[in-house]
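Me: I have a protein model open and would like to learn how to read it. Could we go through it step by step?

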Amino acid sequence: MTCEEFEKKVMNLLLSGDDEISVRLRKQYDVAESISRNFIGSSYFTVFHIDDEKLRLKESIKPFGGVSGFIKGIEQVKFRILMKNGFLSSLVGIPLTTESTTVYDSIELVQKNPTQDTINRYQIFDGMNDEYIYKINEKYWDGWTLESINIDYDVITITIEFESPESKPLTILCKNHLGISYIGQWDESWISDINVKSNTDLIKHSLKKVIELNGDNPRKGGGIKQIGDDWKELNIILDDNLEIKIIFRDIELFSKII
């Protein structure tokens with residue numbers, strides 16, 4: 001298998017969705033010219049050029065992936081597509097080991113989320129609680145890493161980053177929280193998924209603890225929180241299945257991406 005054949009196989013997997021955006025991106029790839037290919041160890045970087053202005057997307061799409069390369073059973077490279085000004089910009093293979101190879105027939109490609117809609121990977125963060133929660137639950141989080149968690153009296157701040165060098169950190173603010181469950185951290189920061197749930201066992205346990213410590217009718221926490229408020233659970237799942245759970249009332253997202 002040649003480098004060009006391998007690249008095409010990866011791109012076909014990445015763009016295999018049935019949604020409108022994937023269809024339009026496939027049309028871009030059909031006419032795209034690969035103007036450069038670079039290799040550094042097990043890293044892989046291809047730059048595309050597309051001339052057809054009619055194929056430009058108006059939507060702003062974050063880098064997205066979902067395909068990994070395995071060599072001898074070891075996950076070595078995660079592949080991502082980067083966009084620029086509405087066009088396919090580049091294909092990036094990001095190494096997970098120090099091994100390198102140019103024998104493409106030895107690389108097994110695995111598509112982790114073949115039914116994931118590309119539209120759910122847009123960089124759109126605006127709105128109040130329900131809109132933020134919807135976007136968190138719909139977003140494709142593979143490729144993000146946990147950078148930091150900071151706990152203050154009334155807010156827990158989570159900072160995460162995407163693996164692309166063009167990406168900027170995303171901050172999740174869990175305001176008016178009841179606490180955090182985070183046990184078992186060992187050697188993982190890659191994020192598998194992030195979601196928000198209601199009526200969980202941890203929410204019930206947290207409210208029960210508040211009543212146990214403060215009585216059946218506690219005064220407002222921080223002058224704001226009440227037992228009967230609409231409580232949610234933010235769940236961050238790392239690649240080793242460690243779950244970080246935060247119980248909160250209000251949530252906000254901030255990104256410096258322009």
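Me: Happy to start with a single residue. In which helix is Met11 found?
Reply: Good place to begin, and keep in mind that this is a predicted model. Look along the start of the chain, and you will see that Met11 is found in helix H1.

Me: Is Met11 buried or exposed?
Reply: A residue counts as buried when its relative accessible area is under 20%. Met11 has a relative accessible area of 0%, so Met11 is buried.

Me: Which residues is Met11 in contact with, leaving aside its neighbours within four places in sequence?
Reply: Contact here means heavy atoms within 4.5 Å. One partner to look for is Leu91, which lies 80 residues from Met11 along the chain, yet their C-alpha atoms are separated by 7.9 Å. The full set of contacts for Met11 is Tyr29, Phe48, Ile81, Leu88 and Leu91.

Me: How far does H1 reach from its first C-alpha to its last?
Reply: H1 covers residues 3-14, which makes twelve residues. At 1.5 Å a residue, 16 Å is expected. The reach in the model is close to that, at 17 Å.

Me: Which residues in H1 are buried, and where do they lie around the helix?
Reply: The buried ones are Cys3, Phe6, Glu7, Val10, Met11 and Leu14. Seen down the axis of H1, these buried residues fall within an arc of 130°, so they line one face of the helix.

Me: Let's step back to the whole protein. What share of its residues is buried?
Reply: For an overview, the protein has four helices and 14 strands. Among contacts with a separation of 6 or more, residues 24 or more positions apart account for 64%. As for burial, the protein has 258 residues, and the buried share is 44%.

Me: In what order do the four strands of the open sheet come?
Reply: Strands of a sheet pair through backbone hydrogen bonds, either parallel or antiparallel. In this open sheet the pairing is antiparallel, and the order is E7-E8-E9-E14.

Me: Which strands stand at the edges of that sheet?
Reply: An edge strand has a single partner strand, so one side of it is left without a neighbour in the sheet. As you follow the sheet across, the twist averages 20° from one strand to the next. The strands at the edges are E7 (144-151) and E14 (250-255).

Me: How many bridges join E7 to E8?
Reply: E8 covers residues 155-162, and the two strands run antiparallel. For a pair to find on screen, Ser148 stands opposite Thr159 in E8. The number of bridges joining E7 to E8 is seven.

Me: Now for charges. How far apart are the closest N and O atoms of Glu53 and Arg56?
Reply: Side chains of opposite charge can pair when their charged atoms come close. Glu53 counts as partly exposed at 49% relative accessibility, and Arg56 is also partly exposed, at 33%. These two form a salt bridge, with their closest N and O atoms apart by 2.5 Å.

Me: Is Lys232 buried or exposed, and which residue does it form a salt bridge with?
Reply: With a relative accessible area of 13%, Lys232 is buried. The closest N and O atoms of its salt bridge are 3.7 Å apart, and the partner is Asp230.

Me: Which residues are linked with Asp250 in a network of salt bridges?
Reply: Asp250 is partly exposed, with a relative accessible area of 21%. Its closest N and O atoms with Arg249 are 3.0 Å apart, in a salt bridge. The residues linked with Asp250 in the network are Asp229 and Arg249.

Methods
Residues numbered from 1 in each chain as written. Predicted model: local features only at pLDDT ≥ 70, side-chain atom pairs only at ≥ 80, totals over all residues. Heavy atoms only, no water. Expected span 1.5 Å × (residues − 1). Buried < 20%, exposed > 50% of the residue type's maximum accessible area, 1.4 Å probe, protein only. Arc of directions from axis to C-beta. Salt bridge = Lys/Arg side-chain N within 4 Å of Asp/Glu carboxyl O. Pairing = 2+ DSSP bridges. Axes fitted to C-alpha atoms, helices over the stretch in contact; angles between N-to-C directions.
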